[in-house]
Amino acid sequence: MPDPRLTTLPAPARARLLARFGPVVDAWCEGLPEQVAELAERWGVEPLAAGGGGTSRVFRCRRRADERAVWLKVTPDPQVAAEEAEALAGWERTASVAGLLAADPGAGALLLDGVEPGTPVRGQEWEPAQVAALLRELRESGPDRAPGEGSALRPLAHRVGLLFGLALRRAGPDGPDAEIRLRRARAQALELAASAPGAGLVHGDLHAANVLRGPGGRLVAIDPRPAWGDPDFDAVDWALEGVSTPEALRERTALLAGLVPGLDADRVHAWAHALGALLAAPAARAARAGHDDARTRFLLGLGG
């Protein structure tokens with residue numbers, strides 16, 4: 001039986017889940033210790049540490065059979081688990097995505113292979129060539145045909161709508177200008193999603209915190225929020241990472257396009273302007289608090 005202190009949700013983690021899913025998640029939070037104990041027994045793992053974000057709780061585990069490091073991921077939303085499980089299975093041919101060991105989407109549960117050394121890229125320097133290799137792998141190793149009947153994956157437009165919907169829910173304190181900026185950017189993003197010349201499996205949340213350093217320095221993607229649509233979407237966070245001028249954004253998108261076959265620099269640039277409004281929301285709060293630096297001004301400019 002896992003230590004209840006490990007599997008009981010701390011107040012900040014519970015608050016994030018409530019903000020995302022609403023009060024219906026209360027019962028799930030209460031039942032989490034029992035669910036983790038059942039899954040740990042079923043899959044032969046021992047939870048050692050806990051963490052997580054706004055949609056799930058994640059437990060670093062030791063697999064009893066071979067002492068291997070694995071991760072148990074549990075979410076209150078079975079759809080989230082089903083989407084991730086299907087995407088990871090679709091990328092099973094590449095070592096550039098964390099491996100799926102077992103899944104029970106109905107219970108919102110996944111068992112994921114560990115990544116060693118597993119250092120997040122966030123906060124570290126990264127080479128465009130390494131990121132380009134990851135983007136190429138995602139584009140080339142995924143399924144080559146659209147999902148069929150019964151697929152959990154939804155169109156990229158759904159992912160876009162969800163991101164902007166969440167941002168608009170939080171836009172109240174930022175005033176009417178932020179809401180206008182977000183609504184204008186959402187229309188642009190939905191148009192981009194609908195006009196893609198080709199479609200593939202999209203990670204959907206490929207920022208530096210969701211990329212780890214694996215064996216030999218290979219970059220490994222984790223925690224997809226997948227969809228089916230324009231694969232150029234996955235390059236946007238890397239086009240914007242550390243960039244604070246329009247000229248630097250153009251240079252970055254051109255650099256990535258030169259390294260990733262099929263990536264369209266103009267579309268990535270357009271995605272950056274549309275999705276930059278999401279990053280501009282906290283930038284607006286920073287500006288009101290007096291943090292009016294070049295990066296903040298750049299992001300607010302992207303948001304129109």
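**Exercise 1. Place Ser141 in the fold and describe its surroundings.**

Step 1. Ser141 sits in helix 5. Helices here are DSSP runs of H or I with at least four residues, strands are E runs of at least two, and both are numbered from the N terminus. The model is predicted: local features need pLDDT of at least 70, side-chain atom pairs count only at pLDDT 80 or more, and totals for chains, interfaces and linings use all residues. Residues are numbered from 1 along each chain as its sequence is written, and side-chain values use heavy atoms, with hydrogens and water left out.

Step 2. Is Ser141 buried or exposed? Its relative accessibility is 6%, so Ser141 counts as buried. Buried means under 20% relative accessible area, exposed over 50%, and partly exposed in between (1.4 Å probe, protein chains only).

Step 3. Look for a polar partner. The side chain of Ser141 reaches the backbone oxygen of Glu137 at 2.5 Å. A polar contact is a pair of N or O atoms within 3.5 Å; within protein, one must be able to donate a hydrogen and the other to accept it, and residues adjacent in sequence count only if both atoms are side-chain atoms.

Step 4. List the contacts, meaning heavy atoms within 4.5 Å. Not counting residues up to four places away in sequence, Ser141 touches Gly90, Trp91, Arg93 and Thr94.

**Exercise 2. Describe Glu137 and its helix.**

Step 1. Glu137 lies in helix 5. With a relative accessible area of 27%, Glu137 is partly exposed.

Step 2. Glu137 touches Thr94, Ser96, Gly142 and Arg218, again not counting residues up to four places away in sequence. Val260 is 123 residues from Glu137 in sequence, yet their C-alpha atoms are 9.5 Å apart.

Step 3. Check the length of helix 5 (residues 128-141). The expected span is 1.5 Å times one less than the number of residues. For 14 residues that should give 20 Å, and the end C-alpha atoms are 20 Å apart, so the two agree.

Step 4. Which residues of helix 5 are buried? They are Val131, Ala132, Leu134, Leu135, Leu138 and Ser141. An α-helix has 3.6 residues a turn, so residues three or four places apart point the same way.

Step 5. Find the cover. The buried residues of helix 5 are covered by elements including helix 4 (78-90), strand 8 (211-213), strand 9 (219-221), helix 8 (236-240) and helix 9 (246-259).

**Exercise 3. Work out the strand order of the five-stranded sheet.**

Step 1. The sheet is open, with order 1-2-3-5-4 and antiparallel pairing. Two strands pair if DSSP finds at least two bridges between them.

Step 2. Which strands are at the edges? Strand 1 (45-52) and strand 4 each pair on one side only. Neighbouring strands of this sheet are turned by 20 degrees against each other on average, direction ignored.

Step 3. Follow the bridges. Strand 1 and strand 2 (residues 57-63) share seven, and Ala49 has Arg60 as its partner in strand 2. Strand 3 (residues 69-74) and strand 5 share five, with Leu72 opposite Leu111. Strand 4 (residues 100-104) and strand 5 share four, with Leu100 opposite Leu112.

Step 4. Inspect the turn. Four residues lie between strand 4 and strand 5 in their hairpin, and Gly108 takes a positive phi near 70 degrees.

**Exercise 4. Contrast strand 5 with Leu48 of strand 1.**

Step 1. Five of the five residues of strand 5 (residues 109-113) are buried. In a regular strand the side chains alternate between the two faces of the sheet. Ala109, Leu111 and Asp113 are buried on one side of strand 5, and Leu110 and Leu112 on the other.

Step 2. Leu48 is found in strand 1. Leu48 is partly exposed, with a relative accessible area of 33%.

Step 3. Neighbours within four places in sequence aside, Leu48 is in contact with Leu6, Arg60, Cys61 and Arg62.

**Exercise 5. Locate the hubs of the largest nonpolar core.**

Step 1. A nonpolar core is a set of buried Ala, Val, Leu, Ile, Met, Phe, Trp, Tyr and Cys residues joined through side-chain atoms within 4.5 Å.

Step 2. The largest core has 57 residues; Leu206, Trp238, Leu249 and Trp271 touch the most other members. Helix 10 (residues 265-288) gives the most to this core, with eight residues.

Step 3. Another core lies apart from it, with 22 residues, among them Ala40, Trp43, Val70 and Leu72.

Technical notes: Axes are lines fitted to C-alpha atoms, for helices over the stretch in contact, and angles run from 0 to 180 degrees between N-to-C directions.
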